[in-house]
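Colleague: Got a minute to walk me through this fold? I'd like to start with one pair of strands and then move on to what sits inside.

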Amino acid sequence: MVPIPLQRDTVQRAGTTRAGHAHGPRPASRTSLPGIPLAPSAARRFVRAALAEWTGIGVPAAVGFSDRLADDAVTVANELVTNAVVHAGTTVDLVLRLEEEGGDEPSAALVLEVTDHHPARPVSGDEPGTGPGPAGTRPGELPDPAEYGRGLQVVATLADSWGITYRTGLKTVWARLPVDDWSVPPAPPDGEALRRGLRAAEILAPAPRRTERDDAVWDSRGAPAFLAEASDLLAGQLDEDLVAAIAGQLLVPRLADWCAIWLEAEGGGPAAEPRLARVWHSDETDTEPLRAALEREPLRLPAGVGSGPVPVPVPWSAHPAEEGRADTPAPPPHPGGRDGAALAFRITAGGRALGTVLVGREGVAQVPEAVASLIEDFVRRLGLAVGAARAYTRQATISRILQRGLLPSKVAEIPGVTSALVYEPSDDGVVGGDFYDIFPCPGDRWCFVLGDVQGSGPEAAVVTGLARPWLRLLSREGFGVGEVLDRLNRLLLDDAMEAAEAAALMVAAAGGQQLHDGTQSRFLSLLYGEVVPLPDGGVRCTVASAGHPLPLLLRPDGSVRPAAEPQVLLGVVEDVAYESQVFDLAPGDTLLCVTDGVTERRSGALMFDDGDGLARVLAGCAGLPAEATAERIRRAVHEFAEQPPDDDVALLVLHAD
């Protein structure tokens, strides 16, 4: 693998030309991205749209743009912009340039330049010994690329050459990708997709501030387009602070020179102080002075103010020496000065006040009426986004509380057996349906459970809250494995579930969670078993699977086989006699139990367990302890697809010592 060049080093390879020194025409596309988490995705869209545009207008050498080159360019842009946002935290300028070289063998290259405005912040992993590294790394020691600095490793691998250039107040990281796979595009680019891609990048990356604006652009076409695309950006966010940050980037400098956003404390009452969540100025050097002025004199609107614009004094003055002198008339505003006009808007949703937006223009006597009306419409959408983010936060809080109550605080230790658990609920803001337990029972027995209630949310939570204690009760009463499932199945079909559905309705009402058909939440897949230590080492296992992925038994020689037989789900059919299987877990043997979040993990049309995929991964764990086996399988599940898992992931490993 190519080593990561150090800061200020310029890497050259034989037969290449240094970026910035090529001859011939240089088509270029550029944009400016705010330093927020959405910047990398906007950069990816921008690069694809720019390449499609060059191909569409017939730029020489653009016919050499292959899918591989486009993917490499998008990957490099993503890594460099992410680095700049995370480590510099400033506005990021992205330039994509096509360099063509003449000579006996004409060639071309794509050059990407990512510039931030904080040259004192080093590029991640580029200067060992100059600052703190990841945990466990000593000063002066290069971090392990397997754990840190993968982004630059990717850039170094994909790029023909790359380096870092410093200018006054700026740091630019560039990468050069050769155009070496020329092929004519099979079809002209999608013009509408190109327009959407460029517009999506442009709305997140507004043009540099202009002294004079053309407010005529907010006509019958410009304003609806701005509001529609702003709504898309705001509606997809589930954190109110990120909503406020995006709102500030959308307002400044497109509609105002500066803005501030206060958010009311949820349930704080009339006496609670609003929180200054976001301050933004088109000139970054004025952001902190503006914040200081706003914190010194917080904005307070009268209780009866509606959603319309309210003229308010500018919070800072260009003539501080004249403040407080009633006999001195205020000078007229002048372009470029701090004085000007300011408007305040109440943020509301569902009839409740959620905060305040303050916007200002410098060097003008008033904000044009058309612009004020557009900002008012924008603030309405901002209120909906903040309200949705708070509803999600409430639901997520309820889910976390329920989840903590449904799962055991600790699991029992089985003599002669080492256990390892992995439980990762899907990040969807609702309580998951997976649950687990290991507990002792009379008669020198230990029982283990891995279950999955169909569905999620309050219904699944209530069923889980009933099923786990029922299992403990039935197990401790001395029933065998099959008998426990028989009785649990009847309980799930009994009228006692009406109480569960009533409780689910109450929980849903408290959290605003919509209920599905309550009967579906009764279905339960379950893997249940008990182990008894043997005098000569190892344990005897008795297991039964009810509609659950079958447990896998791994022998020390690497052979893997199912350790149970498939049977029907619990809560579906009344007259079922569940059967169990008995086997010995000898020293060195491993038993793996998983939920369908593992076996049905998807990557396109493929699932993780297609072709016995889980068994193949487990076979490679022969000789590993329980913790290492669980971690290897967890990692394999995550690496199976680029997207994070969309279902709960739970697995239990039992290893006989």
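**Sheet and core**

Modeller: Leu-552 stands opposite Leu-592 in S19. This is a predicted model, where local features need pLDDT of at least 70, side-chain atom pairs count only at pLDDT 80 or more, and totals for chains, interfaces and linings use all residues. Residues are numbered from 1 along each chain as its sequence is written, and side-chain values use heavy atoms, leaving out hydrogens and water.

Colleague: How many bridges join S16 to S19?

Modeller: Strands here are DSSP E runs of at least two residues, helices are H or I runs of at least four, both numbered from the N terminus. Two strands pair if DSSP finds at least two bridges between them. S16 (residues 552-554) and S19 (residues 590-594) run antiparallel, and the number of bridges joining them is three.

Colleague: Which strands stand at the edges of that sheet?

Modeller: The open sheet has five strands, paired antiparallel in the order S11-S22-S19-S16-S17. Two of them have a single partner strand each, so one side of each is left without a neighbour in the sheet: S11 (417-424) and S17 (560-562).

Colleague: Which element gives the largest share of the largest nonpolar core?

Modeller: A nonpolar core is a set of buried Ala, Val, Leu, Ile, Met, Phe, Trp, Tyr and Cys residues joined through side-chain atoms within 4.5 Å; buried means under 20% relative accessible area (1.4 Å probe, protein chains only). Of the 40 residues in the largest one, Leu-251, Val-359 and Phe-378 touch the most other members. Elements giving two or more residues include helix H5 (222-235) and strand S10 (352-362). The largest share, nine residues, comes from H8.

How values were computed. Buried means under 20% relative accessible area, exposed over 50%, partly exposed in between (1.4 Å probe, protein chains only).
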